[in-house]
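Here's a quick briefing to read with the structure open beside you. Start with the cysteines, then work through the fold, the surface, the rings and the charges.

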Amino acid sequence: MRASDMSRPATGALWPLILITSLFFFWGMANNLNDVLIPQFKKAFSLTDLQSGLVQSAFYMGYFLLAIPAGLFMRRFGYKAAVIAGLLLFAAGAFLFYPAADNHQYSWFLGALFVIASGLAFLETSANPLITVLGPPEKAAFRLNLAQAFNPLGSLTGIWVGKEYILSGVEHNESSLSALSDQARQAFYISESQAVQGPYLIIGAIIIAWAVLVALSKFPAAATENTHEHTGETLSAGRSLSGLFAKPHFLFGVMAQFFYVGAQVGIWSYMIRYAQSELAMPEKEAANFLFIALILFAVGRFVGTALMSRLSPVRILAVFAIINIGLCAYAATVGGLYGLYALTATSFFMSIMFPTIFATAVDGLGPLTKTGSSLLVMSIVSGALLPPLMGLISDASHIRTSIFIPALCFVVIAWYGLKSPKRPLSATPVATTH
């Protein structure tokens, strides 16, 4: 898009637009810090892969259970109030990391992650539509895409913070741990769990400050009023759901999104563990591959978007999914350094999947779009279910074998891409943040 085509935000909306765009950075950071917490908690609490995978279960159950309440809250009190509520929940969860570490309680950490994710459910539900009203309607899609560019930056920051300030680089195997005295072993566990306190206290403080800024800032009227009245959406929840269940393509899209999020979360959750298991790679070095994966993910968004100006988005989705089936199959069967390369490369091809599935699933829904969007957000519950399943397979067999799970997920996504109509999407902007 040429610079001359870019409309400025409406008068008085620039500062609110900056505040809300920043939220895409914050939740990207929170999401990908989990990928560092999994190996960190595994050694701090001597967990199995299944148990460490509960980090994602607690997190994504927060999204799943709060998606609809967040939407109802937004409709009743407005976008701005929902953003403030989300930020306060986010900060509360971050602050809960301090007592969880002090008491060395893994279950407390899981509870804190659930609270953080509950806040993010409010933020993701409200920030995307709020961006669309902070300026001219005809440029809403541009503003959303601009905001989304900050999401991978947050993800990269999360991995960097985890690598530099949480992962200690001190690693013990079973024999070296057993050689330690009980007191030294317990001191190691406590030290590793307390490594998260400082970063999460700082995160909590920043989020509280952002909530205050949002509360004190003047927003356009459309951001603060009852969104049910503002949008003119009069369909009841029951009628909306019955209407959606009569649309097979939308339901297929929900299923495809379920398997996509499960694949993405599963691959990123166990990439460090894969490198450690396959190559005996130190955790800090292994985290570099996760960092590279997120860079590839960001680059893939730009490349994929460029391709979509010439080719059908759903056909690109299908081709990328088929490539990832092959990459995952290679990582699962061959392993080693090249298996790690293959697993890392999947991130490039995952990059366009969430927004493409989301956009094609809600396209043409009309007044059912908001309810449909809530169901698509709820479909990310797969992030709570599939990583523990991968952990269970890893504990019973090998971490490499668990990569067959995302391979199967990409089969479903490829099927969706091949079966979806190639018609151009409508101009209605949608949430495309993962």
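A disulfide here is a pair of cysteine sulfur atoms within 2.5 Å. The sulfur of Cys328 has its closest cysteine sulfur in Cys409, 8.7 Å away, so that gap is too far for a bond. Keep in mind that this is a predicted model.

**Cysteines**
- Searching the whole structure turns up zero disulfides.
- Looking from the other side, Cys409 finds its closest cysteine sulfur in Cys328, and at 8.7 Å that is too far for a bond.
- Cys328 counts as buried because its relative accessibility is 0%.
- Cys409 is buried too, with a relative accessible area of 2%.

**Overall picture**
- The chain has 22 helices and zero strands.
- Of the 434 residues in the chain, 57% are buried.
- Take the contacts in the chain with a separation of 6 or more: 86% of them come from residues 24 or more positions apart.
- About 17,200 Å² of the chain is exposed, and carbon and sulfur atoms supply 68% of that area.
- For one example of a long sequence gap, try Gln148 and Gly28: they sit 120 residues apart in sequence, with 9.7 Å between their C-alpha atoms.
- Gln148 belongs to helix H7, which covers residues 140-148, and Gln148 is buried at a relative accessible area of 8%.

**Nonpolar patch on the surface**
- Leu88, Phe95, Tyr98, Leu201, Ile208, Val212 and Leu216 make a nonpolar surface patch of about 610 Å².
- Two elements give two or more residues to the nonpolar patch, namely helix H4 (79-95) and helix H11 (197-216).
- H11 gives the most, with four residues.
- Ile208 is in helix H11 and counts as partly exposed, at 33% relative accessibility.

**Aromatic pairs**
- The whole structure holds 27 aromatic pairs.
- In one of them, Phe45 and Tyr106 have ring centres 5.4 Å apart and planes at 45°, so the pair is tilted.
- That pair links distant parts of the chain, 61 residues apart: Phe45 is in the loop between helix H1 (14-44) and helix H2 (49-52), while Tyr106 is in helix H6 (residues 106-133).
- Phe45 and Tyr106 are both buried.
- Phe289 and Tyr341 also form a tilted pair, with ring centres 6.3 Å apart and planes at 35°.
- Here too the pair links distant parts of the chain, with Phe289 in helix H16 (residues 283-308) and Tyr341 in helix H18 (residues 336-350), 52 residues apart.
- Phe289 is buried, at a relative accessible area of 13%, whereas Tyr341 is partly exposed, at 41%.
- Ring pairs also link a cluster made up of Phe41, Phe45, Phe97, Tyr106, Phe109 and Tyr200.

**Salt bridges**
- Side chains of opposite charge can pair when their charged atoms come close.
- The count for this model comes to seven salt bridges.
- Glu192 and Lys43 meet through their side chains in one of these, at 3.2 Å from N to O.
- The Glu192 and Lys43 pair links distant parts of the chain, 149 residues apart, with Glu192 in helix H10 (residues 182-194) and Lys43 in helix H1.
- Lys43 forms a salt bridge with Glu283 as well, and their closest N and O atoms are 2.6 Å apart.
- Since Lys43 lies in helix H1 and Glu283 in helix H16, this pair ties together parts that are 240 residues apart in sequence.
- Lys43 counts as buried at 14% relative accessibility, Glu192 is buried at 3%, and Glu283 is buried at 1%.
- Arg185 and Asp182 form a salt bridge in which the closest N and O atoms are 2.9 Å apart.
- Arg185 and Asp182 are three residues apart in helix H10, so about one helical turn separates them.
- Asp182 counts as exposed, at 60% relative accessibility.
- Lys42, Asp49 and Arg273 are joined into one network by salt bridges that share partners.

Definitions and conventions. Residues numbered from 1 in each chain as written. Predicted model: local features only at pLDDT ≥ 70, side-chain atom pairs only at ≥ 80, totals over all residues. Heavy atoms only, no water. Buried < 20%, exposed > 50% of the residue type's maximum accessible area, 1.4 Å probe, protein only. Contact = heavy atoms within 4.5 Å. Areas by Shrake-Rupley, 256 points an atom, 1.4 Å probe, with all protein chains shown as cover. Patch = residues over 30% accessible without salt bridge, like charges linked within 9 Å, V, L, I, M, F, W, Y side chains within 5 Å. Salt bridge = Lys/Arg side-chain N within 4 Å of Asp/Glu carboxyl O. Phe/Tyr/Trp six-rings, centres within 6.5 Å; stacked < 30°, edge-to-face > 60°.
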